[in-house]
Amino acid sequence: MSTEFENLGKLEREARAVLEAAGNTQALTEARARFLGRKGSLSSLLRRIGELDATERVRVGQAVNTSKQRIEAWFQERRRALEEQAQSHALDRYGLDVTLPGVAPPRGHLHPVTLIEREMTEFFSSLGFSIELGPEVETEYNNFEALNFPADHPSRDLQDTFFVEGGHVLRTHTSPVQIRAMTGRQPPFRFIALGRVYRHDNDATHYPMFHQIEGFLVDERVTFGDLKGVLYAFARHLMGPEVQVRFRAHFFPFTEPSAEMDFSWQGGWLEWGGCGMIHPRVLENCGIDSERYQGFAFGMGIDRTAMLRFGIPHIHLLFDGDVRVLEQI
Ligand code: DAH
């Protein structure tokens, strides 16, 4: 038998060396062709297998095929190595690994309080109300006196109010925005004010900082009926068309008459906010003729509305800034 057939082992070693030496995919493809291609060494060997006698033919045939498989496996191995090399080259050079799975950047969303504030603003804008602003550090005068709070009113106590030096407080409600918005202007007014307010209070439903919306409308011939109509429409906008509202007589220094307003919730009533006809003295404090003009006003907590709408059981969850909680809303 020809020694060529006996030298398969040598051919394999040679093939392996050539494959390993290939420095790029083109050289590698050429190296493979040299041994496994149609004109490659192993193919020509197989073509000449007829020169052998029958028993030899089978043995050598099998041996050549096994060699082909081995060389093919080395080829694949070398190809992977070259690909990885090219990849890590890109990584070194560009700091970029294009084979890594993509990472979606975390996307934030608006805070529940902001979402509700936007819904509220949208509703009142549609009724022609515009937004007024006021500072969170407010004068005692705007926060209390001008709103007709008597000097000895209990809410002016340290127990309820955060006092700041120089006759200032952290506003305890958004009502002082009424004073700022009306002073030096003449009706008609249709305003809302939204923002943070502060009180000494801290439990499952109270937080020392919370949010209120204030609304007020002043014009000639404004009635309590107008107030009820607006608040009923407001409740339906937020809570859906089925919601009911209820007004209970109450007292606030800055409105007369005053009411507390509830809406229907899960078979019962939930207290929602205060409202009333703006006290003539408040209008006079702002330089408005209370004989000619009347107005209504209302104020309610925004956080509470957000908690109900999103099923948040504890007000602290709104403000602890825990992303795991906020993500669920
Ligand atoms: N300022 C009140 C509070 O913080 C809420 C309020 C009640 C506002 C009646 C009003 C109103 O404008 O008319 O509790």
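This report describes the ligand site of a predicted model, then a buried residue pair and one helix.

**The ligand site**

The ligand has 15 residues around it. The closest are His 173, Ser 175, Arg 199, Gln 212 and Glu 214. By class, this shell holds 8 polar, 5 nonpolar and 2 charged residues.

Which strands each supply at least two residues of the shell? They are strand 6 (209-219), strand 9 (268-278) and strand 10 (294-301). The space that the ligand takes is the largest pocket.

Three residues place a polar atom close to a ligand oxygen, as tabulated here.

| Residue | Protein atom | Distance to a ligand oxygen atom |
|---|---|---|
| Glu 214 | side-chain N or O | 2.6 Å |
| Ala 297 | backbone N or O | 3.1 Å |
| Phe 298 | polar backbone atom | 3.3 Å |

Glu 214 uses its side chain. Ala 297 offers a backbone atom, and so does Phe 298. How much of the ligand's accessible area does the protein cover? On its own, the ligand has 350 Å² of accessible area, and the protein covers 90% of it.

**Glu 132 and Ala 181**

Glu 132 sits in the loop between strand 1 (130-131) and strand 2 (137-139). Is this loop residue buried or exposed? Glu 132 counts as buried, because its relative accessibility is 14%, and the cut-off for buried is under 20%. The side chain of Glu 132 also has a polar partner: the side chain of Arg 185, at 3.2 Å.

Ala 181 belongs to helix 8 (residues 176-182). Its relative accessibility is 1%, so Ala 181 counts as buried too. In sequence, Ala 181 and Glu 132 are 49 residues apart. In space, their C-alpha atoms are 6.6 Å apart. The pair thus links a loop position with a helix position.

**Helix 11**

Helix 11 spans residues 302-310. Which of its residues are buried? Ile 302, Asp 303, Thr 305, Ala 306 and Met 307 are. An α-helix has 3.6 residues a turn, so residues three or four places apart point the same way. Gly 311 follows helix 11. The phi of Gly 311 is positive, near 65 degrees.

Technical notes
Residues numbered from 1 in each chain as written. Predicted model: local features only at pLDDT ≥ 70, side-chain atom pairs only at ≥ 80, totals over all residues. Heavy atoms only, no water. Near = heavy atom within 4 Å. Polar contact = N/O pair within 3.5 Å; in protein donor to acceptor, adjacent residues only side chain to side chain. Areas by Shrake-Rupley, 256 points an atom, 1.4 Å probe, with all protein chains shown as cover. 1 Å grid on protein atoms, 1.4 Å probe; cavity = no way out; pocket = protein on both sides within 12 Å on 5 of 7 lines; lining within 4 Å. Sits in = over half its atoms within 2 Å of the grid points. Helix = DSSP H or I, 4+ residues; strand = E, 2+ residues; numbered from the N terminus. Nonpolar A, V, L, I, M, F, W, Y, C, P; charged D, E, K, R; others polar. Buried < 20%, exposed > 50% of the residue type's maximum accessible area, 1.4 Å probe, protein only.
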